[in-house]
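Good morning, colleagues. Please keep the sequence and the structure in view while I speak.

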Amino acid sequence: MLPGSIQRATLFDPWIRIRTVQNTPSISATNLNHFYGSGELRKQVLFANNLTVYPGEIIIMTGPSGSGKTTLLTLIGALRRVDDGKLAVLGQSLHGASASQLVQFRRQVGFIFQAHNLFESLTATQNVRMSLELTRPNSSMRENTKAAKEMLDQVGLSNRTGHKPKQLSGGQKQRVAIARGLVHNPKLVLADEPTAALDEQSGRTVVELLQRLATGNQSTIVIVTHDNRILDVADRIITLVDGEIRSDALVKEAAIITQMLAKCSIFEKVTPRTLTRVADEMTIQSLPPNMQIIRENDPGDRFFLIREGSVVVKRGQPEVEVVRLQAGDFFGEMALLTGQPRNASVYTLEETLLCSLSKASFQSAIAESASLETEIREAYFERK
Ligand code: CMP
């Protein structure tokens, strides 16, 4: 019997099914380069950057000044043209987009930049309301005023709504800019040092607002900051060094996966260097319980390592449980080693984090072992 939550139609290609349960990224940068100047003065500031961010994620970007953080942020917000490489944000590819597509795109983004760019002649409420007038042209002035005042209240400025920028302190202006950036519930917020001018308490309030937007509205938040008081809100911290992204989280994750691979009998004879490469080539996916990962008799296309959670291996018709595997265990190697169809079906037992590797990468890693023959024989011996 198939687990109730799985439908036959979706079983045909389990891997496609796995991919569809994942969200589409809100930011996807591939091989992104950027240059300033031209001719002999042309200087490269971003080097072959890749970045994938999902809805609801809060990303903190740090790095020394001049490392390219602000350039990257302004590229993501379409405030700068993509020179070279691919960049898709909120489903819009920014490379090669028309001017009007870019204008349309920018309206969906909440910008909070250091230079506050507030209109001196407008009050706090009017400054915040402007953002709504651009994004919700059909709402009435009264609705927009109400929403602007509520937002100012949330950043602690309910008693400053009628003040103009020159009557406000630096921190208060910053909070107006934040209110303006968030009032239209944008799906993407790009913030450059949003808390730098704020005291501890106001900084926390702002960070909590951003967190609420990320969880409640599934917004993606990218914050450039040196303020280590707010690092704890980040799902991921990305460090830019000399125009290149170094992601702490990913570096750490790759090290854990390499260690797990090193403990797998099948990779016993593979050098640590290759294992590091293999870990880099793995894709990680989170799967719900009762999801079929492998179907018996299908051709083999991927190798799997359980990062967290557990799976059950079943065989035959009706299916009979063969074994349960847990974190650190691997499966799906047999078909790749022998060229035979999958010898069993595999299902998740709980929410499971799975790392997987393409057939080609798996085979190239294994080919490095002393003898492929021995490998296959041992694998058969262990698993039969
Ligand atoms: P493969 O044949 O590629 O796909 C099904 C997988 O289930 C198989 O590789 C093994 O990884 C796993 N499997 C099958 N039988 C056993 C077993 N007895 N013990 C552990 N794993 C198994």
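**Strand pairing and helix packing**

Let me begin with strand β1, residues 27-36, and strand β4, residues 84-89: the two run antiparallel and are joined by five bridges. Within this pairing, T30 has K86 of β4 opposite. I should state at once that we are looking at a predicted model.

Strand β1 also pairs with strand β2, residues 43-53; here seven bridges connect the strands, again in an antiparallel arrangement. One bridge in this pairing places S28 with T52 of β2 as its partner. Strands β1 and β2 form a hairpin with six residues between the strands, and in that hairpin G37 adopts a positive phi near 75°. As a general reminder, the strands of a sheet pair through backbone hydrogen bonds, in either a parallel or an antiparallel manner.

I turn now to another part of the chain. In which order do the strands of the open four-stranded sheet lie? The order is β12-β17-β14-β15, and the pairing is antiparallel. At the edges are β12, residues 292-294, and β15, residues 320-326, each of which pairs on one side only. From one strand to the next, the twist averages 30°.

Within that order, I would draw your attention to β14 and β17. Strand β14 covers residues 310-315 and strand β17 covers residues 345-348; four bridges hold them in antiparallel pairing. In this pair, V313 faces V346 of β17.

Next, the helices. Helix α7 spans residues 170-182 and helix α8 spans residues 200-217; their axes lie 12 Å apart, at an angle of about 5°. An angle under 35 degrees counts as roughly parallel, and therefore α7 is roughly parallel to α8.

Which residues of α7 meet α8? They are R175, I178 and L182, and on the α8 side the contact involves S202, V206, L209, L210 and L213. By character, the residues of this contact between α7 and α8 comprise six nonpolar, one polar and one charged.

Finally, the chain as a whole. Its secondary structure amounts to 13 helices and 18 strands. The chain has 384 residues, of which 46% count as buried. Among the contacts with a separation of 6 or more, 74% are between residues 24 or more positions apart. The exposed area of the chain is about 19,000 Å², and carbon and sulfur atoms supply 51% of that area.

That concludes my presentation. Thank you for your attention.

Conventions
Residues numbered from 1 in each chain as written. Predicted model: local features only at pLDDT ≥ 70, side-chain atom pairs only at ≥ 80, totals over all residues. Heavy atoms only, no water. Pairing = 2+ DSSP bridges. Axes fitted to C-alpha atoms, helices over the stretch in contact; angles between N-to-C directions. Buried < 20%, exposed > 50% of the residue type's maximum accessible area, 1.4 Å probe, protein only. Contact = heavy atoms within 4.5 Å. Areas by Shrake-Rupley, 256 points an atom, 1.4 Å probe, with all protein chains shown as cover. Parallel < 35°, antiparallel > 145°, perpendicular 65-115°, else oblique. Nonpolar A, V, L, I, M, F, W, Y, C, P; charged D, E, K, R; others polar.
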